[in-house]
2 protein chains.
Amino acid sequence: MTDPSSYRLNHTMIRIKDPKVTLDFYQKTLGMTLIHQMENSQGKFTLYFLDYLDKGEEVPGTDESRRGFVFSRRGVLELTHNWGTETDPDFKGYHNGNKDPQGFGHIAILVDDLEAACKRFDELNVNFIKRVNEGRMHNIAFITDPDGYWIEVLARGFPSE
Amino acid sequence: MTDPSSYRLNHTMIRIKDPKVTLDFYQKTLGMTLIHQMENSQGKFTLYFLDYLDKGEEVPGTDESRRGFVFSRRGVLELTHNWGTETDPDFKGYHNGNKDPQGFGHIAILVDDLEAACKRFDELNVNFIKRVNEGRMHNIAFITDPDGYWIEVLARGFPSE
């Protein structure tokens with residue numbers, strides 16, 4: 001009998017329109033590292049796996065070892081790019097799940113200093129759904145990624161207001 | 001200047017219809033632990049945070065310490081329950097993002113033994129989208145949670161077929 005407490009939540013997958021724009025956002029703006037990618041020429045899609053590396057961690061050098069590396073982690077972000085959407089004038093964009101029909105809500109990132117992180121996002125012209133000083137909760141912000149998916153931003157440990 | 005490489009991917013949020021059914025699924029079938037919950041009576045919703053605990057880890061005893069515990073982790077699952085959906089005959093259910101309009105795709109769990117895990121899911125009458133022996137890839141399966149969200153199941157390290 002397999003023991004389910006040994007399972008782990010490995011990744012969350014969202015579809016993206018343009019890998020150039022989105023990889024730039026998750027790497028430069030959010031500080032993630034692209035640790036693996038898998039291209040499927042038959043299905044005409046590419047999968048990109050990103051995560052935060054801990055100090056001293058390095059992405060392994062071979063495709064096979066990167067595969068083992070990414071699929072033993074927790075909290076990885078998988079981006080699926082169906083080829084052609086980035087230049088298709090008829091492509092209507094992806095649904096972020098927060099308007100009807102609702103479902104998926106957001107991913108959330110922890111930062112060390114919420115105010116400093118939001119100031120930095122502002123300087124980088126990131127789109128805000130909710131700034132820290134808006135709404136009822138002043139200890140979270142919401143930004144969007146290039147496809148419009150919501151990203152909650154909160155300080156590590158989520159201190160009370 | 002805040003250093004984005006210190007950020008971490010803390011959680012993924014999905015909306016759920018019935019916490020009784022869904023908590024049962026994520027805890028008993030998928031082996032997760034409910035580590036924190038936050039009720040918002042003004043907004044009429046409850047947030048449930050689940051994760052896998054490592055050996056020796058324990059959920060802290062106080063609400064404040066659980067809060068610090070959950071919001072410093074990576075790979076947490078947040079379930080949002082808007083009160084009343086579980087008994088509302090007009091509630092149409094949540095959208096899993098894989099039919100139009102597409103967006104979010106799935107979460108993925110690592111298991112030690114894919115075949116044994118799938119056999120166990122079968123015994124527990126879990127709904128399969130794709131069994132290991134279906135489709136082109138024989139090293140992954142897809143199941144659904146009670147709301148119909150897709151969950152990829154793969155062996156740790158994702159060995160080639």
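This is a short walk through two sheets and the interface between chain A and chain B.

A caution before we start. This is a predicted model.

Let's take the sheets. Look at the one that ends in chain B. It is an open sheet of 8 strands, and the pairing is mixed. The order reads 6(A)-7(A)-8(A)-5(A)-1(B)-4(B)-3(B)-2(B). Which strands sit at the edges? Strand 6 of chain A, residues 128-130, and strand 2 of chain B, residues 33-40. Each of them pairs on one side only. From one strand to the next, the twist averages 25°.

Now the chain A part of that sheet. Strand 7, residues 140-144, pairs with strand 8, residues 150-155, both of chain A. The sense is antiparallel, over 5 bridges. Within that pairing, A:I143 stands opposite A:I151. Helix 3 of chain A, residues 114-123, packs on the sheet. Helix 3 touches strands 5, 6, 7 and 8 of chain A. Against strand 8 of chain A, its direction makes about 140°.

Where does this sheet cross from one chain to the other? At strand 5 of chain A and strand 1 of chain B. These two strands pair in the antiparallel sense, over 6 bridges. One pair to find on screen: A:I109 stands opposite B:L9.

On to the other sheet. Here the order is 2(A)-3(A)-4(A)-1(A)-5(B)-8(B)-7(B)-6(B). Again we have 8 strands, an open sheet and mixed pairing. The edges are strand 2 of chain A, residues 33-40, and strand 6 of chain B, residues 128-130. Neighbouring strands are turned by 25° against each other on average, direction ignored.

Start from the chain A edge. Strand 2 pairs with strand 3, residues 45-51, both of chain A. That pairing is antiparallel, with 7 bridges. The bridge partner of A:M38 is A:L47, in strand 3 of chain A. Helix 2 of chain A, residues 63-70, lies across strands 1, 2, 3 and 4 of chain A. Helix 2 runs at about 115° to strand 2 of chain A.

Next, the interface as a whole. How many residues does each chain give to the contact? Chain B gives 68 and chain A gives 67. The buried area is about 5700 Å², and carbon and sulfur atoms give 53% of that. In chain B, the residues that lose the most area to chain A are B:Y7, B:L9 and B:R74. Together they make up 13% of what that side buries. Recall that B:L9 is also the residue opposite A:I109.

What does the chain B side consist of? By residue type, 29 nonpolar, 23 polar and 16 charged. Among the elements giving two or more residues to that side are strand 1, helix 1 and strand 5 of chain B.

Polar links come last. Between the two chains there are 48 residue pairs in polar contact. The interface also has 6 salt bridges. Over all chains, the whole structure has 20.

Two of these bridges deserve a look. A:D54 and B:R74 meet through their side chains, at 3.1 Å, N to O. A:R74 and B:D54 do so too, with 3.1 Å, N to O. Why does that second pair join two chains? A:R74 lies in the loop between helix 2 and strand 4 of chain A, and B:D54 lies in the loop between strand 3 and helix 2 of chain B, so the pair links one chain to the other.

Technical notes: Residues are numbered from 1 along each chain as its sequence is written. Chains are lettered from A and ligands numbered from 1 in the order in which they are written. This is a predicted model: local features need pLDDT of at least 70, side-chain atom pairs count only at pLDDT 80 or more; totals for chains, interfaces and linings use all residues. Side-chain values use heavy atoms; hydrogens and water are left out. Two strands pair if DSSP finds at least two bridges between them. Helices (H or I, at least four residues) and strands (E, at least two) are DSSP runs, numbered from the N terminus. Axes are lines fitted to C-alpha atoms, for helices over the stretch in contact, and angles run from 0 to 180 degrees between N-to-C directions. Contact means heavy atoms within 4.5 Å. Buried area is the accessible area (1.4 Å probe) that two parts lose on being put together, summed over both. A salt bridge is a side-chain nitrogen of Lys or Arg within 4 Å of a carboxyl oxygen of Asp or Glu. A polar contact is a pair of N or O atoms within 3.5 Å; within protein, one must be able to donate a hydrogen and the other to accept it, and residues adjacent in sequence count only if both atoms are side-chain atoms. Ala, Val, Leu, Ile, Met, Phe, Trp, Tyr, Cys and Pro count as nonpolar, Asp, Glu, Lys and Arg as charged, and the others, Gly among them, as polar.
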